Amino acid sequence: MQMKKIASQKSAIARVFPVLLGLALAAPPTLAANRDFAACLDRLRAQAIQRGISKATFDTHAARIEPDLSVLESLDAQPEFKTPIWDYLAALVDDERVEDGRAMLEQWRDVLRRVEERFGVDPATVVSVWGVESNFGRSLGQRPLLVSLGTLSCMGRRQDYFRGEFLATLKIIDEGHIAPERLTGSWAGAFGQTQFMPSTFLRLAVDFDGDGRRDLVDSVPDSLASTANFLNRGGWRSGEPWGFEVKLPAGFDTSVAGRRNKRPMSTWTGRGVKRANGEPLPADGVERALLLPAGENGPAFLVGKNFDVIYGYNAAESYALAIAHLSDRLRGGEGFRTPWPTDDPGLSRKERRELQSFLIARGHDIGAADGMIGTKTRRAIAEEQRALGVEPDGRAGQRILKAMRAIAGN
């Protein structure tokens, strides 16, 4: 009887063992990922010490990091909706931001005067960067830098690049500039009121308030001065305009357009190019390039060195144009004279919030009416467009806003 019991137990073990072995070999991916992540951080410890980061700083903060796999989704995300430049500028350079920017120019007038004296960059340009990058310090980003950059240092593409930024973040903490809990930002590591990457901070951030720390999170003077230093080091030419809107003659050969294709002003004058406001082109000897951000049927600009410097802050011509245009508006300038080539102009942030409020009132679950046009808002717009019998492209423009106003009786 005992022998039969033992044989039965052996048989049961034989049946169960392969299952247990399979479970052991197929450990949860998160556990394996965590082990790999810990091993990666351990390898980074030696690099940190070589860069002068104390062992205590590294050990204290590395021990608290758990990988955030959502940053890998952002790293590999393909944009599902390409924003036309007229939408991009409508939200970034609206009356609300111009009004706020002028208030900031007044509030920080003395600091901005001293910044310009030291770095040669005018207040309107510096404040424009501040406004576009973080809405004057109101939107700094919520992701902990060490978690995001630590994850990207050990997983996904471009690990070498992100390791440099991760170690730079630890260096900022080690030198006592910014408390770790205040170091939050974008998924890719940009942080502070004017959104520096950590390595850029170490190279170019400035202690302008004299407290012995370079703080781009809680010090407006440090943030403004650091931005001006960035632009100055990029080759900013004090007193030279970034460029201006122009009008092209009929039949103009647009093959000469391109930000890098700079020509003497005499070349553009000889080809019949004129300023959009009717003034003659300046005979200042500065070489400028023809920029056609929406093609030959949209606004045209002659841009110089300072436009390139702004472009260096965030390598996109639409971004540089937003900064440049906002700076003009802050100086009292007007909007562009040539309309964008669209029959459905973009919405200001106030108009975006209005549109979202209509969508929410009609039962769409899109979250708060915050003016941020994301996937849920576009899907809701597409549903309304289908009901209206128009193409459901999900675009937040003047047409759908007018339609929603009409439905609401406004």
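Begin by selecting strand 5 and strand 6 (residues 300–303) in this predicted model: the two strands run antiparallel and are joined by three bridges. Within this pair, display Leu290 and look across to strand 6, where its bridge partner is Leu302.

Keep strand 6 selected and add strand 3 (residues 243–247), which runs antiparallel to strand 6 and is joined to it by four bridges. Here Gly243 stands opposite Val303 of strand 6. If you colour strand 3 by accessibility, you will find that four of its five residues are buried, so the strand is largely enclosed by the rest of the structure.

Next, extend the selection to strand 4, which is joined to strand 3 by two bridges, again in an antiparallel arrangement. Val246 can serve as a landmark at this point, since its bridge partner in strand 4 is Arg275. With these four strands shown together, you have an open sheet in the order 4-3-6-5, with antiparallel pairing; its edges are strand 4 (274–275) and strand 5 (289–291), each of which pairs on one side only.

Now leave the sheet and select helix 16 (residues 349–361) together with helix 17 (residues 375–388), whose axes come within 11 Å and cross at roughly 65°, which makes helix 16 roughly perpendicular to helix 17. The crossing is left-handed. To see the contact itself, show the side chains of Leu355, Gln356 and Leu359 on helix 16, and those of Thr377, Ala380, Ile381 and Glu384 on helix 17. Coloured by residue class, the residues of this contact divide into four nonpolar, two polar and one charged.

Methods. Residues numbered from 1 in each chain as written. Predicted model: local features only at pLDDT ≥ 70, side-chain atom pairs only at ≥ 80, totals over all residues. Heavy atoms only, no water. Axes fitted to C-alpha atoms, helices over the stretch in contact; angles between N-to-C directions. Parallel < 35°, antiparallel > 145°, perpendicular 65-115°, else oblique. Left-handed = near helix turned anticlockwise from the far one by under 90°. Contact = heavy atoms within 4.5 Å. Nonpolar A, V, L, I, M, F, W, Y, C, P; charged D, E, K, R; others polar. Pairing = 2+ DSSP bridges. Buried < 20%, exposed > 50% of the residue type's maximum accessible area, 1.4 Å probe, protein only.
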